[in-house]
Amino acid sequence: MEIESRHVFLVQAENRQDAVYQVIHFLQTTDLISYGQLNVDETAVLVGDSDVFWQTLSQGVEKNKAFSRQILEELQKNGVHEVVDLLTIPLGYPSKLLHILTHMLDGFVGIDSFFYNLVEDSHWLGKTLEIVIRETPQQFWLVPVETGEVERSVLPSATMVEKS
């Protein structure tokens, strides 16, 4: 199955070339996911003082939140309404959804990650880092990556998890 994916990474770097290098190096060395192809359009890389940097970053975080909300809604449809319900979550589809959601919350990058913050190893943006970026925007970059087929993934994609 071929899956085309797009991620946007936040990195701290001295320049555009170092920012791109950090992202490619991360994707080539992480054990969490491996793609057959990685493409970065360097003209699409945004520095922190770009007119669309904050809008792009916010959109990425919102896509992660929307995805997480979808997972929560699906968990509710499968009987998880209170935290105590997690103790009796059925194995299979519901438990795999919980697994995916947990990794969105704890920062493991996966197929479903749209925005990924390499500075904080997170799918979100912490308040302290936001202040630092606003104070030194030339040191922070958003690097969009188009990927080819998923070769290996420790975490399943929500679109690949089948209902049992």
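**Surface, fold and aromatic pairs of the predicted model**

The accessible surface of the protein amounts to about 9,200 Å², and carbon and sulfur atoms account for 51% of it. The structure described here is a predicted model. Of the 164 residues in the protein, 45% are buried. Charged side chains comprise 11 positive and 24 negative charges, and the mean positions of these two sets lie 6 Å apart.

The protein contains 4 helices and 7 strands. Read from the N terminus, these elements follow the order β-α-β-β-β-α-α-β-α-β-β. Along the principal axes, the C-alpha atoms occupy a box of roughly 50 × 35 × 20 Å. The radius of gyration is 17 Å; a compact globule with 164 residues would have a value near 15 Å, with which the protein agrees. When contacts between residues at least 6 apart in sequence are considered, 75% of them join residues at least 24 apart.

Helix α1 spans residues 16-29 and includes Q28. The relative accessible area of Q28 is 59%, and the residue is therefore classed as exposed, the cut-off for this class being over 50%. Between Q28 and L38, which are 10 residues apart along the chain, the C-alpha separation is 8.9 Å.

A search of the whole structure yields 4 aromatic pairs. One of these is formed by F26 and Y116, whose ring centres are 6.0 Å apart and whose planes meet at 15 degrees, so the pair is stacked; planes under 30 degrees apart count as such. Because F26 belongs to helix α1 and Y116 to strand β5 (residues 115-117), this pair ties together parts of the protein that are 90 residues apart in sequence. Both F26 and Y116 are buried. Together with F9, these two residues make up one aromatic cluster.

The pair of F53 and W54 has an edge-to-face arrangement, with a centre-to-centre distance of 5.3 Å and an angle of 80 degrees between the planes. As to solvent accessibility, F53 has a relative accessible area of 0% and is thus buried, whereas W54, at 21% relative accessibility, counts as partly exposed. The assignment of W54 follows from the cut-off, because buried residues must fall under 20% relative accessible area.

Definitions and conventions
Residues numbered from 1 in each chain as written. Predicted model: local features only at pLDDT ≥ 70, side-chain atom pairs only at ≥ 80, totals over all residues. Heavy atoms only, no water. Helix = DSSP H or I, 4+ residues; strand = E, 2+ residues; numbered from the N terminus. Rg over C-alpha atoms; globule rule 2.2 N^0.38 Å. Buried < 20%, exposed > 50% of the residue type's maximum accessible area, 1.4 Å probe, protein only. Contact = heavy atoms within 4.5 Å. Areas by Shrake-Rupley, 256 points an atom, 1.4 Å probe, with all protein chains shown as cover. Lys, Arg positive; Asp, Glu negative; His and termini not counted. Charge placed at Lys NZ, Arg CZ, Asp CG, Glu CD. Phe/Tyr/Trp six-rings, centres within 6.5 Å; stacked < 30°, edge-to-face > 60°.
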